[in-house]
Amino acid sequence: MQLTDINKTFGGRGADAVHALKDINLSIKSNEFISLIGPSGCGKSTLLRLVGDLITPSAGDVRVNGKPAHEARLKREYGMVFQQATLMEWRTIRQNVELPLEVMAWSADKRQARARQMLDLVHLAEFERHYPWQLSGGMQQRVAIARALAFEPALLLMDEPFGALDEMTRERMQLEVLRIWSQTHTTVIFVTHSIPEAVFLSTRVVVMSARPGRISAIVDVDLPQPRNFETREDPRFFEKITEVREALRRDEARGAALRAATS
């Protein structure tokens, strides 16, 4: 995936314009796990939505598997998971996972077989006949992940999917996502506000500046795979957390100096 000279402005011109992203350039290889982190309002989710063709850039080019983002969306080359699971309450868990396959006109037998396979992947096979309101928040997010992966997308976009979960459930979900990622070989772009979460999950952490969002640093995370609870006690884990935190602080200091110089 390639982002080239991406800029995004919302609103009108002049004082009414909101410059969300500026001069974003980023290459992502197949089967990478990339986390986007930065201060609130820096454009992390905006960047994810540009990749997902939910909005279009004001300038620049987004390529997914060598195709324009719009073409990749039409060919369903990626799935999306948001902070809320957004499941349909009147459909069973299996029927929720089947939904994108219905849209793609898969046969009923093929849909059911694939949905059961994906529910087995997220360890929810025994809940296929349950409804979303009968499941915990973490379980609902696992259903949303199963649904997003049902049609085997090459890319999975995740926008703070664990932000509403308690800390223990969040840590378990991080392990689940890494397990699924290792089995499916899907490329993942993950938005988070949590530095430890970004380091634990990622092969690289992309640090973004305050608005207008720029890429201020990219931190390679060379922690061994597969990662587990012991990873969180590894001194290298804490070193990488510090590296990301210092990158965020350096950018904050640069921003403060710039504001002082122009005031």
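The legends below describe close-up views of a predicted model.

**View 1. The open four-stranded sheet and the helix packed on it.** The strands of this open sheet follow the order S2-S1-S4-S5 and pair in the antiparallel sense. Strand S2 (18-27) and strand S5 (67-68) stand at the edges with a single partner strand each, so one side of each has no neighbour in the sheet. Strand S1 (residues 2-10) is joined to S2 by six antiparallel bridges, and in this pairing Ile6 lies opposite Ile24 of S2. Helix H1 (residues 44-51) packs on the sheet, where it touches S1, S2 and strand S4 (59-64), and its direction makes about 120° with that of S1.

**View 2. Helix H5 and its surroundings.** Helix H5 (residues 137-149) has 13 residues, which at 1.5 Å a residue should span 18 Å, and the 19 Å between its end C-alpha atoms agrees with this. Twelve of the 13 residues are buried, so H5 is largely enclosed by the rest of the structure; among them are Gly138, Gln140, Arg142, Arg147 and Leu149. The cover over these buried residues includes strand S6 (78-81), helix H3 (93-103), helix H4 (108-121), strand S7 (155-159) and helix H6 (167-184).

**View 3. The largest nonpolar core and a separate one.** The largest nonpolar core has 52 residues, and Val207 and Val244 have the most contacts inside it. H5 supplies the largest share of this core, with seven residues. Leaving aside residues up to four places away in sequence, Val207 touches Ile37, Arg214, Ile215, Ser216, Ala217, Val219, Val244, Ala247 and Leu248. Another core, of 27 residues, lies apart from it and includes Val64, Leu155, Val206 and Met208.

Note on methods:
Residues numbered from 1 in each chain as written. Predicted model: local features only at pLDDT ≥ 70, side-chain atom pairs only at ≥ 80, totals over all residues. Heavy atoms only, no water. Pairing = 2+ DSSP bridges. Helix = DSSP H or I, 4+ residues; strand = E, 2+ residues; numbered from the N terminus. Contact = heavy atoms within 4.5 Å. Axes fitted to C-alpha atoms, helices over the stretch in contact; angles between N-to-C directions. Expected span 1.5 Å × (residues − 1). Buried < 20%, exposed > 50% of the residue type's maximum accessible area, 1.4 Å probe, protein only. Core = buried A, V, L, I, M, F, W, Y, C linked by side-chain atoms within 4.5 Å.
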